[in-house]
Amino acid sequence: MNKAHCPQVLSKPAVKPPSRRPYSALISRIIGRPLEIRATGSRKTSTSAPSRILTAPASGARIDPRLFQIAALGALLIFGVAARAFEITPAEFFVIGATALTTQWAMSAIFAVKFEAKSALITTLSLTLLLRAEALWPLAAAAFIAIASKFLLRMRGKHVFNPANIGIVAVTLATGAAWTTPGQWGTAVWLAALIAGVGSFVTWRASRLDVPLFFLGVFAMLLFARATWLGDPLSIPMLRLQNGALVLFAFFMISDPKTTPDGLLPRIAFAAGTAMLAYVFIFHFYKSDGVFYALAIACLIRPLIELFDSARPYQWRDATISAADRKLILPAE
Amino acid sequence: MNRSLKKSLIAAASALAAVTATGGAFAFCGFYVAKADTKLFNKASKVAIMRDGERTVITMSNDYQGELKEFAMVVPVPVVLEEGQIHVTENAIIDHLDAYTSPRLVEYFDEDPCAVYANDEIMVTASKAPAAAAERRRGDDALGVTVEAEYTVGEYDIQILSAKESGGLAIWLKQNGYKLPKGAEATLGSYVKQGTKFFVAKVNLDEQTKTGLRYLRPLQIAFESPRFMLPIRLGTVNADGKQELFVFALTRNGRVETTNYRTVKLPTGMTVPTYVKDEFGDFYKAMFAEQVQRESENAVFLEYAWDMNWCDPCAADPLSDDELQELGVYWLDGGGDRAEPMTRRRPSPGGAKDVFVTRLHVSYDAAHFPEDLMFKTTGDRENFQGRYVMRHPYKGDAKCEAADRYRADLPKRFENEAQTLANLTGWDIEDIRTKMDDNGQSFTPPKKEKWWEKLWSKSDKKG
C-alpha cells in the first residue's frame with residue numbers, strides 16, 4: 001500500500017492576519033447575501049466585523065451537544081475497530097484529522113472567523129468511520145472537501161452540504177480509490193438499537209431528533225410497501241432497517257442541525273424527501289451509496305425549502321457568531 | 001532464535017471437495033426442480049462472476065449427481081439473453097479457480113536450534129497440481145408466460161421466460177413437468193414484479209451423450225445490468241438445511257464485498273498442531289462452521305483476495321489468460337495462447353494482468369439470508385488469504401544450551417497451538433492434546449539435566 005501521497009491541501013495556505021474579512025464581502029456579493037447570520041431575530045445579517053453575539057439564552061452550564069456527538073462517534077469507532085474488525089489504521093485517522101483541522105484553521109483565518117475544532121473533529125470521526133481507501137490521499141481529499149465546502153459553498157447564510165457527506169460523495173464518485181462499506185456494521189438488532197439509542201440522545205440534545213425519526217419512518221414505510229407489493233417476507237425490509245450503517249447515517253449524519261432546515265415542517269419535508277430519494281437510488285438505480293447521494297441532493301434543494309422557513313437559524317450552544325462553526329446544535333430555547 | 005524455516009504447502013482443495021460433495025444432488029443458486037418425485041436437495045454451489053462496470057459474466061458450476069433427465073435449473077436473470085450470451089464451459093476452469101483461492105496450510109520445519117542460519121524463508125515445495133484433488137469431484141399466453149427464446153447450448157436445453165404473474169409461471173412450470181417446492185411461488189412472484197426474466201435449463205440427453213461426459217458442465221451467461229447481485233432466494237426455498245455457496249469474483253478494481261450482509265475475513269495466519277496436516281479438510285470445515293456461528297450465522301466470509309498475477313504461497317498456479325477470458329475477463333487483449341509460465345513469486349510491479357480475484361464463502365438459509373446477495377466492488381487491492389501454519393519441531397539430537405532452551409519451550413508452544421486450534425474449530429481441547437501427543441508434540445517437559453551430569457561426561461567415557 002502506498003501511503004506516501006499526501007495531498008497539497010495539507011500545506012497551509014498563506015494567511016494574512018485576519019483583521020478584515022477580505023473574501024467574505026466578495027463571497028457575499030457572489031451569493032447575493034451577506035455571509036453571516038445573526039443568531040437572534042430575523043435573518044437580517046450583519047456584515048460588520050465578526051460579532052460576538054451569543055446565541056442561546058444562557059441556561060446555565062448546558063453542554064454543547066457536539067461533545068456528546070464526538071463521544072458517541074469516538075465510542076463507535078473504538079467498537080468498530082475492536083469488535084467489527086474495521087480496517088482503520090492510525091495513519092488514516094490522523095491524516096483525516098490533520099487535514100480537517102488544518103483546513104478549518106486556514107479557512108477560519110481567511111474568512112476571519114473564530115477557529116472551532118469541534119465540527120472538524122466530528123467530520124473527522126464521521127469520515128474515519130465511513131470512508132475507506134487504500135491510499136491516504138483520497139481520505140485527505142475528502143476531509144479537505146468536507147471542511148472547505150462549509151466556507152465556500154454557502155447559500156442563504158448557511159453552508160449547503162453536510163460536510164462529511166459531501167466529502168464522501170465527492171471522492172467516491174470522482175475516484176475509484178475510495179469507497180464506503182455499507183455492510184460493515186452488520187445487521188445485529190442490538191447494535192442498531194444501541195446506535196439508535198445513543199443517537200436519540202445526541203439528536204435530542206441538538207433539537208433534531210425529528211430528523212432521524214422521520215427519515216427512518218419514511219424509509220421504513222417505503223421498504224414495507226415494496227415488500228408488500230412484491231410479496232416478500234418482512235424479514236427483507238427488516239434486514240435493511242437493521243443495517244447499522246443506515247441507523248448511523250440517520251442519527252449521526254443527516255441530523256446535523258446546521259444542514260437541516262430550522263423550522264419543524266421544512267425539516268420534516270427535508271428528512272422525508274431524503275428518505276424517498278435514498279429509496280429511489282437504492283432500489284431503482286441500484287446504488288449502494290444511495291443514502292449519501294440522496295442527502296447531497298436534498299442539501300442542494302434545501303435552500304428552496306428554506307424559502308418557506310421562518311424559524312431562526314440554528315446556533316450551537318456555545319457558538320459565537322462564526323460563519324464557519326455551524327455544525328450541530330442545541331435544544332430548543 | 002535465529003532459525004531458517006522451510007515450508008511446504010498443502011493445498012486445501014480436498015477440503016473444499018469435502019464441503020461441496022455432501023448431499024447427493026445439487027443445484028445452483030436457482031433451485032433444483034425435479035421432473036419426478038425425487039428428493040430434492042441443493043447443498044453447495046460454485047459461482048464465478050466477472051464484473052466490470054455493468055458487464056457481467058456468471059459461471060454456474062454444479063456438482064449434480066442425480067439422474068441427468070431430472071436435472072433442471074431456474075435462474076432469475078435481468079434481461080432476455082441471446083444465444084450468444086449463453087455458453088457452456090469446462091469444470092476444470094472453476095476447479096482451478098477454486099484450487100488457486102483455497103485456504104492453505106503451510107508447513108515449516110524447525111532447524112537445528114544449535115545452528116545459526118540466515119533468517120529468510122525458502123519455499124521448498126508447493127502443492128501438487130490441484131487437478132488431482134479436483135478430479136476426485138466430479139398454453140403459455142393464457143398463463144401470462146412468454147417463452148422469449150429457446151436455445152440448445154452444449155448439453156442444455158434452455159428457455160428464457162418472462163411472466164406477468166407468479167401464479168401463471170408456477171402453473172406453466174408445473175405443466176411443463178417441473179416440480180415446484182412449496183413456497184417457490186411467492187419468491188417467483190417477487191422476481192416477476194421486479195421485471196426479472198427466468199433462465200430455465202434442462203439437460204438435452206442426446207446432446208449430453210455426444211459430449212461423452214458423465215457429468216454436467218458449468219453454464220455461463222453474459223449480460224449487462226446495473227445490479228451486481230446473486231439471486232439466492234430461490235435456492236433457499238427447497239433447501240434441506242443450509243447451503244454452501246462459493247463466489248469467485250473477478251474484477252479490474254479490487255475486492256468485492258456484500259452490501260446487505262457483513263463481509264468478514266476468515267481467521268488466518270494461525271499456527272496449528274502438526275496433526276492438522278492429515279485432517280486439513282476437517283479442520284477447514286470445522287473452523288468455517290465455528291466462525292459462522294460466531295458471526296450469528298449471517299456473515300459472508302472472505303477467504304481470498306488477490307491480484308491474479310501471482311500468489312504466495314501458491315495453492316495452484318494463477319489462471320492463464322485463456323482461462324480468465326473463458327470466465328468472462330474480456331480486457332486481456334493479446335493474451336492469445338502464449339502459455340507463459342505463471343509466476344509463483346511477487347510479480348514485477350504493475351503486473352501483467354489487471355485482474356483481482358475475491359473468494360467469498362457463505363453458508364446460508366432463508367432465516368439468516370432472506371435477501372439476495374448484493375455486491376459492490378471496492379478499490380481495495382490488498383491481498384488476503386486463508387493461510388494456516390504448521391511448525392514441526394526439530395527432531396535431531398542437538399546438544400547445546402540453545403537446544404535445551406528450545407526443548408524446554410516446546411510444551412508451551414504446543415499448548416498455544418492446542419488452544420488456537422480449539423478456539424478456531426470448537427474442538428475439544430483434551431482431544432486435541434491427545435492427538436498432538438500421539439503425533440510427536442508432547443507436553444511433557446524434557447527431563448532436566450542435573451548440573452553435575454555434564455561435568456565429567458567427556459573424561460568419563462568408559463562408563
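## Salt bridges in chain B

Asp95(B) and Lys46(B) are joined by a salt bridge in which the closest N and O atoms are 3.5 Å apart. The two partners come from distant parts of the chain, 49 residues apart, with Asp95(B) placed in helix H2 (residues 91-101) of chain B and Lys46(B) in strand S3 (residues 44-52) of chain B. Both residues are buried, Asp95(B) as well as Lys46(B). The model described here is a predicted one, and over all chains it holds 32 salt bridges. As a general point, side chains of opposite charge can pair when their charged atoms come close.

The pair just described also belongs to a wider arrangement, for Lys46(B), Asp95(B), Asp98(B), Glu303(B) and Arg359(B) are linked in a network of salt bridges.

A further salt bridge is formed by Glu295(B) with Arg262(B), where the closest N and O atoms are 2.6 Å apart. This pair, too, links distant parts of the chain, 33 residues apart: Glu295(B) sits in the loop between helix H9 (280-294) and strand S18 (299-307) of chain B, while Arg262(B) sits in strand S16 (residues 262-265) of chain B. Arg262(B) has a relative accessible area of 9%, and because the limit for a buried residue is under 20%, Arg262(B) is buried. Glu295(B), by contrast, counts as partly exposed, because its relative accessibility is 21%.

Helix H9 of chain B holds a salt bridge of its own, in which the side chains of Glu290(B) and Arg294(B) meet at 3.2 Å, N to O. These two residues both lie in that helix and are four residues apart, about one turn of the helix. Glu290(B) counts as partly exposed because its relative accessibility is 22%, and Arg294(B) is likewise partly exposed, at 40%.

The three pairs described above are set out here with their N to O distances.

| Acidic residue | Basic residue | Distance between N and O |
|---|---|---|
| Asp95(B) | Lys46(B) | 3.5 Å |
| Glu295(B) | Arg262(B) | 2.6 Å |
| Glu290(B) | Arg294(B) | 3.2 Å |

Ala289(B) also lies in helix H9 of chain B, and at 41% relative accessibility Ala289(B) counts as partly exposed. Measuring from C-alpha to C-alpha in the model, Ala289(B) and Glu148(B) are 42 Å apart in space, and they are 141 residues apart in sequence.

Notes: Residues are numbered from 1 along each chain as its sequence is written. Chains are lettered from A and ligands numbered from 1 in the order in which they are written. This is a predicted model: local features need pLDDT of at least 70, side-chain atom pairs count only at pLDDT 80 or more; totals for chains, interfaces and linings use all residues. Side-chain values use heavy atoms; hydrogens and water are left out. A salt bridge is a side-chain nitrogen of Lys or Arg within 4 Å of a carboxyl oxygen of Asp or Glu. Buried means under 20% relative accessible area, exposed over 50%, partly exposed in between (1.4 Å probe, protein chains only).
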